[in-house]
Each structure stands twice: as C-alpha cells, then as structure tokens.
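Dear colleague,

Here is the structure I said I would pass on. My notes on it follow below.

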Amino acid sequence: MITKSIKQHILACSVCCCAAAALTGCSDFLDILPTNEVVLENYWTEKADVTSVMNSCYETLEHSDCLSRMAVWGELRSDNMRLGANVPNEINEILKENLLPSNAYCSWGKFYEAINRCNTVCHYAPMVQAIDPNYTEEEMKANIAEATAIRALCYFYLIRTFRDVPYSTEPSIDDTQTYVLPATPFDAVLDSLINDLERVKDLAVRRYYTDESPNAYVNSSKITRWAIYALLADLYLWKGDWDNCIRYCDLVIDHKRQQYQEMLQRQGNVNNIALFGDIPLILTKPIGSTVCGNAYNEIFGTGNSFESIFELYFQTNQSQTNTWVNSFYGNSNNVTGRLTAPDFLCKDAAQGTNTVFKKTDGRVYEAAMLDNSRYAITKYTLRSISYSTQNVTKEADLNTTRSRRAGADANWIFYRLTDMMLIKAEAEIERGEEGYERAFMLINQVNKRANDATTAARSDTLKMSDYVNSKASMEELLMAERQREFMFEGKRWYDLVRMARRDGNNTRLISLTSRKYIENVNALKIKLADPNIIYFPYAKSELKVNPLLKQNPAFNKGEDSELSN
C-alpha cells in the first residue's frame, strides 16, 4: 500500500481473499483477469462480498506475522521479559537492545495489508449498498465503522512502535497509483484516528447476539460500539485529553454495569461476579468456592469473558492459530517457551518478600511458574488453574493445580474491563490532584479482586494515605498496578513509552527496564538514554523502496546508514 513492495503484496493477498470462496489459488485467479477488472467489475456486487473482505480484516490481525509483532512491539523490550529456551536470534537481539533495521520484527507489511483491506471495505461498501437491496444502509454504516476501527487499531500499533509512519485511508486498487509516501508525524496520525472514530463510533453494532446466546462470544471477538469507545479512550490517553479519555472509559464501564444488572435479572444471582465499589468484576474465588483462579480461568482460559471488550478469537478457528503463545510462552510439551519472566517479578512471592506482588496476589501465580531455573510464562498457556492464598508462607502452601492448553488456541485480548478502570485512573491522575482519590479507588478495586479481598477477613493491600499526597506516588502506583494486571499481554513497553513521552526523557523508563538486565547494565542504560531509541527503526527493506522515509536518528548509523541519509 505504502511502497511498491507492500502494495504488490497487499493487492495479491486481498484479491485472493475476495475470491477464496470461488477459486482455489492466487495464481490461477490472477491469470484470468487483470487485478483492476476483477475487483471493480466482478466482485463488489453484493452484501456477501463486503462480509467476506470484512472477515479477512480479522483474519489478517490473527495472522502470526501480525500477532507476533503486537506482542514483540508491546512487550519484549520491557522489564517483563527475558530470554527462555531456543530463542531465535532476532528476538535475542531485541532483548539485548541490539535492534537493527535488518531485524525481521521491524517489518510492518501485515499491518498495512490489514489497513488496505479496511480501506477497501470503506471504499466499496457504499457502492454495494447502492446495488444490493438486501444490504441495508444501517449494515453498510456498521461495516464501515468496523473497518475504520480495525484500521485505527493497526495504525495505533504502528505509531506507538515507529512514531511517524506512512498514512493513507485510500485503498490500493489501481496499479497506476503512486503509494510512496513520507511518514506522517505521530500526533497527526493520532488526531486523524480519533476524528475517524468519532465520526463512526455510534454507527457500530451494539451487540451481535444476546448475552445468553451460545454465540455471545462474538460480542467481544468482533468490533462493537464498546470496542470503539475503548479504543477512543486509549487514543485520548496518548493524546493527553484527559476529559475525553475519562468520558469514554465511563461509557464502557456503565455498559458493563448494565450488563451485570441484566444478568442479575435473568439469573436471580451471579456467584462468580461481584461489585468492587460499584464496578462488577469476575471473582477470583466464586461464592461458595474454597480455591482461587476463577477470574483467570474465565478471562484467559475460556476467553470472551464478561469483562472482555475486544479480543481475537482462536478457539474454534481452524484457519489461524495463536502460534505466539504456543511457541514463545509455552505449551503442553514445553513448559518453558522462548521467553520467560525476569526473576524479580516472581521470585519468593509466596514467602511474601517479592517487591512487585503481595503473596496474596493471585496474578503472580497465574502469570508464571518456576521451571528448573527459569520462570516460565503461564498466562494464556493455561486452560485453568486453582490455588489457595490463605495462610501461605511458601510455594507448597498454594496447593496449585494447573491444566495446560493442548493446542495453540488461546485468545488474545486487546481490551477488557480492568483496562478501562486503569486507563481512567491514569487520566484522573494526570488531570490533577482532585482526581487522585478517584484514581486510587479504581486501582484499589483492581488490586482487591486480584488479592481476593472481598470480605473483612482480608483487608486491602493498598492504603490511600501512602499515595495520594503526591503525583509521583500516584503515577508509580498506577504503573505498578498496570504491570501486575497486564503482564505478558503486550502492553508494558507501550506503557513505558507513553510515560517517557510525557516525561520528556527516558529516565524512569531506564530505571524500570534495567531491572531485568544482569550484564552490561551501564552500557544499556547509556544506549536507552537516546530519546529516539524507544521506537523501532524502519525496516531496511522499506528504506530501499521508499526514498521518502528517513530513518529514526537513533538507528541512522552502521550497516544501514547509507540507506537513510
């Protein structure tokens, strides 16, 4: 789409996707008619055509080339990860902060493929609606909202990773078009994404199935109005528009409150969800149960839980598998994957001497486990877990039982209810001192659920008076809780980048990330001091085909310097 190489790849793949129902191979199809004739004359004629390409937008997100980059870009360079077993060289180089433009993870092609498919839906859907009486205007607008949201999500990943990126909302449909574009600045792309979503947000589907339907999982595995609100809240957080950020968080939280009330009306009581403050969260230990793990089992084990807002669905998807979790976190055959957790995150948690987690915080036992000398990542890899945090003084006291996934079918979560709570808490902190108490309450509610602090028998593990006297203390609390809650979910490095952008320097980012290093710590601290290095370099292949791209100055040296001057 943006350069000739990417454009050619997208055209071929998009056409194949559109014709998949009728034709068996890409080359056979391309031999029949020129690409433009196929797309313009023979394809976009009915509702089913729009549905097919819309589905392909999700399939592109689920592709291993896309999902692995979401995880690598959002997590790998943070203080959450270190090398595991049989680590590929390109991963190991990123872990060592030896990141070069030749690294395969600098490639962004699959994201632009998804973007182009979304652009194509937005372009052709109105034309199809004009000629197909079975395709209503309401459906057409909902599809455009859906495609706009996926496109915005892709661009959001790109700007958080590369900062400035080529930006276009026009589809690649004509071989005569020029797609060599300069990079658009981060803030300009961010503003455009917000404007696009503001325009379509109320056109999206509220839900596809009723909550009691066996197909209700679709409500969180496809774009809904609430998914767009969640994305808008995140975008406004990065923009620094605290009021709008809070407004969209509240819309999603209010929706979950209403959903919970509807559940109570249908069922009379709900023993696995309770109010923390006035926000319903899944209990880690359901009413009547003596063991913890329920929240993990529903959110990550089964997936598409009550708390889910948007996640990629793999559990009955035979065309795509979650190879990222299966290979890099671990599987039923290999407990330790290619990545592991640094010792400081998990060591001696049950003894009560860990500095990140309290010994009653179940998230540490759900996220990782000691396997020989490494802490293997277990979040997403477990189908279920049970344990007890009562009267724990050592690991054995937990009486942990784990059931690992047999296949690569873990969902991948973008947004869930605790995202909205902690995004809102961050905005409240940044808005000023008057929001500190509200922010603390939200953070504490998330923390209380994790520590099974639902009765007077177990008091809060956080005390308001320890934090609300300074912005620095509140920010530290917020970042620590986000790390505990979203560990290994592809968010931590982006949290650190957002913090560094706000600070105007990398001092806090360096302080946190350096905790995982054992060797060459001072050299790595010096390298990370460059304000540009928090972003990835443009791929060497992109610099070759797009002379308008100018390399990130932090990487404008060495083997690739001649390509970026």
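**The loop between β10 and β11**

D397 touches S388, N391 and V392, leaving aside residues up to four places away in sequence. The model is a predicted one, and that applies to everything below. D397 itself lies in the loop that runs between β10 (382–386) and β11 (401–404). Its side chain is also joined to the side chain of T393 by a polar contact of 2.8 Å.

N391, one of the residues touched by D397, belongs to the loop between β10 and β11 as well. The phi angle of N391 is positive, at about 55 degrees, although the residue is not a glycine. With a relative accessible area of 72%, N391 is exposed, because the cut-off for that class is over 50%.

**A second positive phi**

N304 is another residue other than glycine with a positive phi, in this case near 50 degrees. N304 is placed in the loop between α13 (294–302) and β6. Is N304 buried or exposed? Its relative accessibility is 14%, so N304 counts as buried, the limit being under 20%.

**Strands β6 and β12**

The loop that holds N304 leads to β6. Strand β6 covers residues 308–312 and pairs with β12 in the antiparallel sense, over four bridges. Within this pairing, F310 has Y415 of β12 as its bridge partner.

How many of the five residues of strand β12 are buried? Five of the five residues in β12 (residues 412–416) are buried, so the strand is largely enclosed by the rest of the structure.

I309 is also found in strand β6. Its relative accessible area is 3%, so I309 is buried. The contacts of I309, not counting residues up to four places away in sequence, include Y415, R416, L417 and M420. I309 also touches N219, S220, W226, A227, A230, V252 and K256. For I309 and L417, the C-alpha to C-alpha distance is 6.9 Å in space, with their positions 108 residues apart in sequence.

**The four-stranded sheet**

There is also an open sheet of four strands, in the order β1-β7-β9-β8, with antiparallel pairing. The edges are taken by β1 (82–83) and β8 (368–371), each of which has a single partner strand, so one side of each is left without a neighbour in the sheet. Strand β7 (residues 339–341) pairs with strand β9 (residues 374–377) in the antiparallel sense over two bridges. One of the bridge partners here is Y375 in β9, which is matched with A341.

**Helices α4 and α5**

Helix α4 (residues 47–62) has 16 residues. From its first C-alpha to its last, α4 reaches 23 Å, close to the 22 Å expected at 1.5 Å a residue. The buried residues of α4 are D49, V50, V53, M54, S56, C57, Y58, T60, L61 and E62.

Two packed helices are described by the angle between their axes and the distance between the axes. The axes of α4 and helix α5 (residues 64–76) come within 5 Å and cross at roughly 55 degrees. The two helices, α4 and α5, are therefore oblique to each other. On the α4 side the contact is made by T60, L61 and E62, and on the α5 side by S64, C66, L67 and M70.

**Two polar residues in α7**

R117 lies in helix α7 (residues 109–131). Because its relative accessibility is 7%, R117 counts as buried. Which residue has a side chain in polar contact with the side chain of R117? T60 does, at 3.2 Å, and T60 is among the buried residues of α4. R117 and S56 are 61 residues apart in sequence, while their C-alpha atoms are 7.5 Å apart in space. S56 is likewise listed among the buried residues of α4.

N119 also lies in helix α7. Its relative accessible area is 1%, so N119 is buried. The side chain of N119 makes a polar contact of 2.8 Å with the side chain of R151.

Regards

Conventions. Residues numbered from 1 in each chain as written. Predicted model: local features only at pLDDT ≥ 70, side-chain atom pairs only at ≥ 80, totals over all residues. Heavy atoms only, no water. Buried < 20%, exposed > 50% of the residue type's maximum accessible area, 1.4 Å probe, protein only. Pairing = 2+ DSSP bridges. Polar contact = N/O pair within 3.5 Å; in protein donor to acceptor, adjacent residues only side chain to side chain. Contact = heavy atoms within 4.5 Å. Expected span 1.5 Å × (residues − 1). Axes fitted to C-alpha atoms, helices over the stretch in contact; angles between N-to-C directions. Parallel < 35°, antiparallel > 145°, perpendicular 65-115°, else oblique.
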